[in-house]
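Biologist: I should like to understand how the terms used for this structure are justified. Could you take me through them one by one?

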Amino acid sequence: MTLVHEFRDYLEFWSKHMIRVEQDKLYPEISIDNVPNSAALRGSMYLARILYGASKACGTMQTKKYLPLADKALRELAEFRNPKGGYYWARANNKEWVHDAENVCMAQAFVLYGLVEYALMHPSPEVEELIKEQFNFIQSVLREEGGTAYLDGFDAKWEKSDQMTRSFGTHFHVLEALVKYKQYKEVPGLKETIVKLIRLVIDKFIDPDHFDCIHRFGESWELMPNEIWAGHNAECSWVLCEAALETGHEELIEETRNLAILMMDRVITFGLDKNKGGYFNVLYHEGSRDKSKGWWQQAEAVLGLLNAYEITGQNRYKKLAMEQIFFIRDKFICPEGEWYTEVNNDGKPVIGLPKVSFWKSMYHTVRYYDYVINRLDP
């Protein structure tokens with residue numbers, strides 16, 4: 001099976017199993033046995049990732065077949081618009097809004113990311129207006145006045161609390177969304193904003209001694225409790241390179257490439273399961289204590305390794321990437337399409353975890369297929 005066939009099966013799963021036909025809506029969750037759960041929490045980030053994934057799939061596969069998925073995600077996302085600006089975090093089955101002060105700002109980045117990807121595939125004045133509104137909201141409300149950094153901790157009316165923080169997730173995914181926006185259209189000052197944000201991510205959110213991502217600070221940049229994640233290290237390593245390349249800033253391109261190798265070497269050293277394959281996520285300086293392997297870390301490891309290979313030309317990175325691609329195919333791909341959420345240390349799916357859920361929709365997987373199919377197709 002090629003990656004193209006693998007991706008097609010994945011997309012067919014979404015088209016066949018994730019649409020609630022009688023209501024023309026997307027299910028928010030489906031079990032490992034393909035039983036949908038329409039009562040599960042529905043989130044703006046979940047929908048924005050479907051909007052991105054279905055739109056990107058149309059471009060990767062050169063078809064409009066998956067446009068209905070994107071259209072449904074866009075229509076449902078509109079229901080999440082907050083009258084105070086931006087989008088609510090989540091909605092329970094009883095229609096009550098659910099707020100998450102630590103993560104709602106990150107969701108705003110994914111909304112912009114999804115809207116722009118949709119516009120790249122299916123432009124319209126209406127979507128263009130939504131993009132402008134979301135971009136302006138992020139830059140005027142979430143970004144501190146006169147600065148480069150963003151804040152987390154707002155309430156549902158976007159008022160500051162007494163526990164404001166600064167997270168890697170918000171900064172990193174805002175960066176990703178801004179790069180996507182720049183690819184869509186030239187906006188005055190956007191290139192310079194991206195350069196400054198790359199610089200901030202490097203200077204504040206990457207440990208200069210161990211090259212690990214730091215996840216959260218207080219408002220005054222005091223370090224908060226932190227875990228080291230191989231998944232974020234790998235993801236950050238290649239996304240920073242792509243962002244720097246988009247700016248054309250030669251010194252920044254060189255710096256991010258050098259940093260990417262240091263970050264991926266650390267992921268290989270402390271995250272790779274040298275006996276059974278795949279990558280553990282939570283790392284310690286002596287290695288990992290994880291007992292299972294999650295889907296998104298496996299995908300990001302491949303992209304980080306292929307990026308390292310492109311930078312250095314060293315075959316060891318490509319060899320590790322190919323081994324990881326086949327590990328994913330062997331252990332994570334479900335018979336009907338989609339990926340298992342986790343496998344245990346014996347490579348068996350962790351029973352009880354849904355196949356699609358609030359945090360697991362069409363983002364890491366679609367981006368994985370798009371990236372790898374455009375570079376190789378084993």
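Biologist: What does Trp 14 touch, leaving out residues up to four places away in sequence?

Modeller: This is a predicted model, and in it Trp 14 touches Ile 19, Tyr 46, Ile 50, Leu 69, Glu 338, Val 356, Ser 361 and Met 362. Each counts as a contact because heavy atoms lie within 4.5 Å.

Biologist: Which residues have the most contacts inside the largest nonpolar core?

Modeller: They are Trp 14, Trp 339, Tyr 368 and Val 372, in a core of 133 residues. Helix 4 (residues 104–121) gives the most to this core, namely 14 residues.

Biologist: Why is Glu 338, one of the residues touched by Trp 14, called buried?

Modeller: Its relative accessibility is 2%. Buried means under 20%, so Glu 338 meets the criterion. Glu 338 is found in the loop between helix 11 (315–331) and strand 12 (342–344).

Biologist: What is noted about the phi of Glu 338?

Modeller: Glu 338 has a positive phi of about 65 degrees, although it is not a glycine. Asn 34 also has a positive phi, of about 70 degrees, and is not a glycine. Asn 34 is found in the loop between strand 2 (25–26) and strand 3 (42–43).

Biologist: How do you know whether Asn 34 is buried or exposed?

Modeller: The relative accessible area of Asn 34 is 17%. That value is under the 20% cut-off, so Asn 34 is buried.

Biologist: Why is Met 224 called partly exposed?

Modeller: Its relative accessible area is 29%. Buried requires under 20% and exposed over 50%; Met 224 falls in between, so the term is partly exposed. Met 224 is found in the loop between strand 7 (216–218) and strand 8. Leaving aside neighbours within four places in sequence, Met 224 is in contact with Thr 165, Arg 216, Phe 217 and Gly 218.

Biologist: What makes strand 8 and strand 10 edge strands?

Modeller: They belong to an open sheet of 3 strands in the order 8-9-10, with antiparallel pairing. Strand 8 (228–229) and strand 10 (287–288) each have a single partner strand, so one side of each is left without a neighbour in the sheet.

Biologist: How do you know that strand 9 and strand 10 pair?

Modeller: Strand 9 (residues 282–284) and strand 10 are joined by 2 bridges in the antiparallel sense. At least two bridges are required, so the pairing is accepted. Within strand 10, Gly 287 is the bridge partner of Tyr 284.

Biologist: Why does Thr 170 count as buried, and what makes its approach to Met 106 a polar contact?

Modeller: Thr 170, in helix 6 (residues 168–184), has 0% relative accessibility, which is under 20%, so it counts as buried. The side chain of Thr 170 reaches the backbone nitrogen of Met 106 at 3.4 Å; the limit is 3.5 Å, so the distance satisfies the criterion. Beyond its neighbours within four places in sequence, Thr 170 is in contact with Cys 105, Met 106, Tyr 150 and Asp 152.

Biologist: Which residues lie nearest the centre of the largest pocket?

Modeller: Met 106, Trp 229, His 232, Trp 296 and Trp 359 lie nearest its centre, among 32 lining residues. The largest pocket holds about 780 Å³ of space. The largest share of its lining, 4 residues, comes from helix 6.

Notes:
Residues numbered from 1 in each chain as written. Predicted model: local features only at pLDDT ≥ 70, side-chain atom pairs only at ≥ 80, totals over all residues. Heavy atoms only, no water. Buried < 20%, exposed > 50% of the residue type's maximum accessible area, 1.4 Å probe, protein only. Core = buried A, V, L, I, M, F, W, Y, C linked by side-chain atoms within 4.5 Å. Polar contact = N/O pair within 3.5 Å; in protein donor to acceptor, adjacent residues only side chain to side chain. 1 Å grid on protein atoms, 1.4 Å probe; cavity = no way out; pocket = protein on both sides within 12 Å on 5 of 7 lines; lining within 4 Å. Points joined across faces, edges and corners; volume = space filled by probe spheres on them.
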